[in-house]
Amino acid sequence: MSGFRHVVMFRWAEGTTTSQQEEARVRLAELPGVIPEIRSYSLGHDAGVNEGNYDFVVVGDFADRDAYLTYRDHPAHRAVIDEYIKPIVDQRAAVQYEF
């Protein structure tokens, strides 16, 4: 299988509640039902095994770069970012690659 993968990690801002974090997770988890370009979608909170890790990760697989760009710019995705992620994120790291 070949495709295009997007990996994004977040560190939540100090004072962010577990309720806010869970709401962000729930809203992100809804996206595969709304954006058909998502081939595979995995997300979760850090397991807490190693110090210094990010708090949360999203891994999305797409058929190709264009499918990823459709996801990236999709209004439903943008709304989740603007309403649930940006208000609680302190740091973000991301990478996209072909596989």
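These are my notebook entries on the fold, the charges and one buried residue of a protein chain.

**Entry 1. Model and fold**

I began with the status of the model, which is predicted. I then looked up the secondary structure and found 3 helices and 4 strands in the protein chain. Read along the sequence, these elements follow the order β-α-β-β-α-α-β. I next checked the radius of gyration, which is 13 Å, close to the 13 Å from the globule rule for 99 residues, so the chain is as compact as a globular protein of that length. Along the principal axes, I noted that the C-alpha atoms fill a box of roughly 40 × 30 × 20 Å.

**Entry 2. Burial, contacts and surface**

What share of the 99 residues is buried? I recorded 29% for the protein chain. I turned to contacts with a separation of 6 or more, and noted that 75% of them join residues 24 or more positions apart. For the surface, I recorded an exposed area of about 5900 Å². Carbon and sulfur atoms supply 47% of that area.

**Entry 3. Charges**

I looked up the charged side chains and found 10 positive and 16 negative ones. The centres of these two sets lie 4 Å apart. I then looked up the salt bridges, and the count comes to 7. I followed several of them individually, as set out below.

**Entry 4. Arg 27 and its partners**

I found a salt bridge between Arg 27 and Glu 30, in which the closest N and O atoms are 3.9 Å apart. A cut-off matters here: a salt bridge requires the nitrogen to be within 4 Å of a carboxyl oxygen, and the 3.9 Å of this pair satisfies it. Arg 27 is partly exposed, at a relative accessible area of 29%. Glu 30 is also partly exposed, and I noted 40% for this residue. Glu 23 belongs to the picture as well, since a network of salt bridges links Glu 23, Arg 27 and Glu 30.

**Entry 5. Glu 98 and Arg 65**

Which residue does Glu 98 meet in a salt bridge? I found Arg 65, with 3.6 Å between the closest N and O atoms. Glu 98 lies in strand β4 (residues 89-98) and Arg 65 in helix α2 (residues 65-73), so the pair ties together parts that are 33 residues apart in sequence. I checked the accessibility of each partner: Glu 98 is exposed at 59%, whereas Arg 65 is partly exposed at 47%.

**Entry 6. Asp 82 and Lys 86**

I looked up a further salt bridge, in which the side chains of Asp 82 and Lys 86 meet at 3.3 Å, N to O. Asp 82 is partly exposed, with a relative accessible area of 41%. Lys 86 counts as partly exposed too, at 48%.

**Entry 7. Val 58**

Is Val 58 buried or exposed? I found this residue buried, because its relative accessibility is 2% and the cut-off for burial is under 20%. I placed Val 58 in strand β3 (residues 56-62). Setting aside residues up to four places away in sequence, I listed what Val 58 touches: His 6, Val 7, Val 8, Phe 10, Leu 28, Tyr 41, Ser 42 and Leu 43. I followed up one of these, Tyr 41. Tyr 41 and Val 58 are 17 residues apart in sequence, and their C-alpha atoms are 7.3 Å apart in space.

Technical notes:
Residues are numbered from 1 along each chain as its sequence is written. This is a predicted model: local features need pLDDT of at least 70, side-chain atom pairs count only at pLDDT 80 or more; totals for chains, interfaces and linings use all residues. Side-chain values use heavy atoms; hydrogens and water are left out. Helices (H or I, at least four residues) and strands (E, at least two) are DSSP runs, numbered from the N terminus. The radius of gyration is taken over C-alpha atoms; the globule rule is 2.2 Å times the number of residues to the power 0.38. Buried means under 20% relative accessible area, exposed over 50%, partly exposed in between (1.4 Å probe, protein chains only). Contact means heavy atoms within 4.5 Å. Accessible areas come from the Shrake-Rupley method with a 1.4 Å probe; for residues, only the protein chains shown count as cover. Lys and Arg count as positive and Asp and Glu as negative; His and the chain ends are not counted. The place of a charge is taken as NZ of Lys, CZ of Arg, CG of Asp or CD of Glu.
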